[in-house]
Amino acid sequence: MARRRQIYEGKAKILFEGPEPGTLVQYFKDDATAFNAQKKGIITGKGVLNNRISEFLMLRLAEVGIPTHFVRRLNMREQLIREVEIVPIEVVVRNIAAGSMSTRLGIAEGTRLPRSIIEYYYKNDALNDPMVAEEHITAFGWASPQDMDDIVHLTLRINDFLTGLFLGVGIMLVDFKVEFGRLWENEDMRIVLADEISPDNCRLWDTKTNEKMDKDRFRRDLGRVEEAYQEVAKRLGILPEAGVRDMKGPELMQ
Ligand code: ADP
Ligand code: MG
C-alpha cells in the first residue's frame, strides 16, 4: 500500500490520495476515541462495519436526491470519495435529548424534543469543538449564508429520511452528526454530504428495549460494543457477507 500518499490521519479514518484527481480513499480504522480523544480504545471490526454502514446510508440518501461525496466502496475498509473542501462545522441534529444536551440543559435523556433541533460545533480539537451559533459561522466566514441555507435544508432532509429508515428496522435515531463540504465542478460549487454516517456519530436506540446501539456503549463502558455495531449492520441488511473474516472476534482492548 506504499504506492499511495497519505493526506491526513484522523481519529477514526485515514485519507489517501485517490486514483484520479479530485478523489480520495477513505480508510476506516478500528480506533475509537471519546471526550475529545481523552478516552482511546479499539473496537474490533468497527472500521469494516462503518465502511459498510456509511456506504449503505450514503447510497440510500443519494437515491432520494441528497448529494454526497461517496463514489464506491473499494474493499473491506476503504471507500473512494470525492475530495471536498470541508466546512469546518460539525452539524448535529437532535430528535431526543441525550448526551451533552441533557447535561447542559438539564433535560432527562430520552425526552422527546418538541421539534428536531440543529446545533453547530466548530471543528477544532485544540478548542474541544466548541458549540457555535450560525452568527459565528457566517461572521468568521467558515460558511456563507447561502452555504448555511443549503446545509440546514440538506440536514433536515437527511434527518427525515434516516429517522424513517431506522424506524423501519426497529431503531430510534436519537441524534447524529454530519459534515458537509464544497464540491467544485468547473465554476460551480455544490454543498455535499461528506465524512461518514455510522454508529460512531449517531445515537441509535432499540425501539423496544431502549438499548443503546452506538458509540455510547464505548464512551460509557456499557460492554458489547462490537455486537451493537454488528446488530445495526444486520438490521440494515448489510451483514452477513460483510467482514466476518476481517473481524477477529469480540474483544475490547483499551
Ligand atoms: P477527525 O479526527 O478530524 O474527525 P477522521 O478520523 O474522522 O478525522 O477522518 C476524516 C477526516 O477527513 C475528517 O477531518 C473529515 O472532515 C475529512 N473528510 C471527510 N470527507 C472528506 C472529503 N470528501 N474530502 C476531504 N476531507 C474529508
Ligand atoms: Mg471525524
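**Exercise 1. Determine which helix gives the largest share of the lining of the second largest pocket, and characterise that lining.**

Solution.
Step 1. In this predicted model, helix α6, residues 225-235, supplies the largest share of the lining of the second largest pocket, with 6 residues.
Step 2. The lining comprises 13 residues in total, and E211, R224, E227, A228 and E231 lie nearest the centre of the pocket.
Step 3. Sorted by class, the lining holds 9 charged residues, 2 polar and 2 nonpolar ones.
Step 4. The volume of the second largest pocket is about 210 Å³.

**Exercise 2. Establish how the buried residues of α6 are arranged about the helix axis.**

Solution.
Step 1. The buried residues of α6 are V225, E226, A228, Y229, V232 and A233.
Step 2. Viewed down the axis of α6, these buried residues fall within an arc of 165°, so they line one face of the helix.
Step 3. The general background is that an α-helix has 3.6 residues a turn, so residues three or four places apart point the same way.
Step 4. Just after α6 comes G237, with a positive phi of about 80°.

**Exercise 3. Decide whether strand β9 is enclosed or open, and identify its pairing partners.**

Solution.
Step 1. Strand β9 covers residues 89-96, and 8 of its 8 residues are buried, so the strand is largely enclosed by the rest of the structure.
Step 2. One partner is strand β10, residues 112-122, which runs antiparallel to β9 and is joined to it by 7 bridges. Within this pairing, R94 has I117 of β10 as its bridge partner.
Step 3. Strand β12, residues 171-185, also pairs with β9 in the antiparallel sense, over 4 bridges. Here V93 stands opposite F176 of β12.

**Exercise 4. Describe the surroundings of L162 and classify it as buried or exposed.**

Solution.
Step 1. L162 belongs to helix α4, which spans residues 145-167.
Step 2. The relative accessible area of L162 is 0%; buried means under 20%, so L162 is buried.
Step 3. With neighbours within four places in sequence set aside, L162 is in contact with L57, L61, L173 and I197.
Step 4. For L162 and L113, the separation is 49 residues in sequence and 17 Å in space, taken from C-alpha to C-alpha.

**Exercise 5. Analyse the hairpin of β4 and β5, including the phi values in the loop between these strands.**

Solution.
Step 1. Strands β4 and β5 run antiparallel and are joined by 4 bridges; A34 stands opposite K39 in β5.
Step 2. The two strands form a hairpin with 4 residues between them, and F35 in the turn has a positive phi of about 50°.
Step 3. A37 is also found in the loop between β4 (31-34) and β5 (39-43). Its phi is near 70°, a positive value in a residue other than glycine.
Step 4. A37 has 22% relative accessibility and therefore counts as partly exposed.
Step 5. In β5, K39, G41 and I43 make up the covered face, whereas K40 and I42 make up the uncovered one.

**Exercise 6. Locate N186 and state its phi and its exposure class.**

Solution.
Step 1. N186 is found in the loop between β12 and β13 (188-194).
Step 2. Although N186 is not a glycine, its phi is positive, at about 55°.
Step 3. The relative accessibility of N186 is 76%; the cut-off for exposed is over 50%, so N186 counts as exposed.

Methods. Residues are numbered from 1 along each chain as its sequence is written. Chains are lettered from A and ligands numbered from 1 in the order in which they are written. This is a predicted model: local features need pLDDT of at least 70, side-chain atom pairs count only at pLDDT 80 or more; totals for chains, interfaces and linings use all residues. Side-chain values use heavy atoms; hydrogens and water are left out. On a 1 Å grid over the protein atoms alone, a cavity is a set of points where a 1.4 Å probe fits but cannot get out, and a pocket is an open set with protein on both sides within 12 Å along at least five of seven lines; lining residues have an atom within 4 Å of a point. Grid points are joined across faces, edges and corners, and a volume is the space filled by probe spheres set on the points. Ala, Val, Leu, Ile, Met, Phe, Trp, Tyr, Cys and Pro count as nonpolar, Asp, Glu, Lys and Arg as charged, and the others, Gly among them, as polar. Buried means under 20% relative accessible area, exposed over 50%, partly exposed in between (1.4 Å probe, protein chains only). The arc is that of the directions from the helix axis to the C-beta atoms. Two strands pair if DSSP finds at least two bridges between them. Contact means heavy atoms within 4.5 Å.
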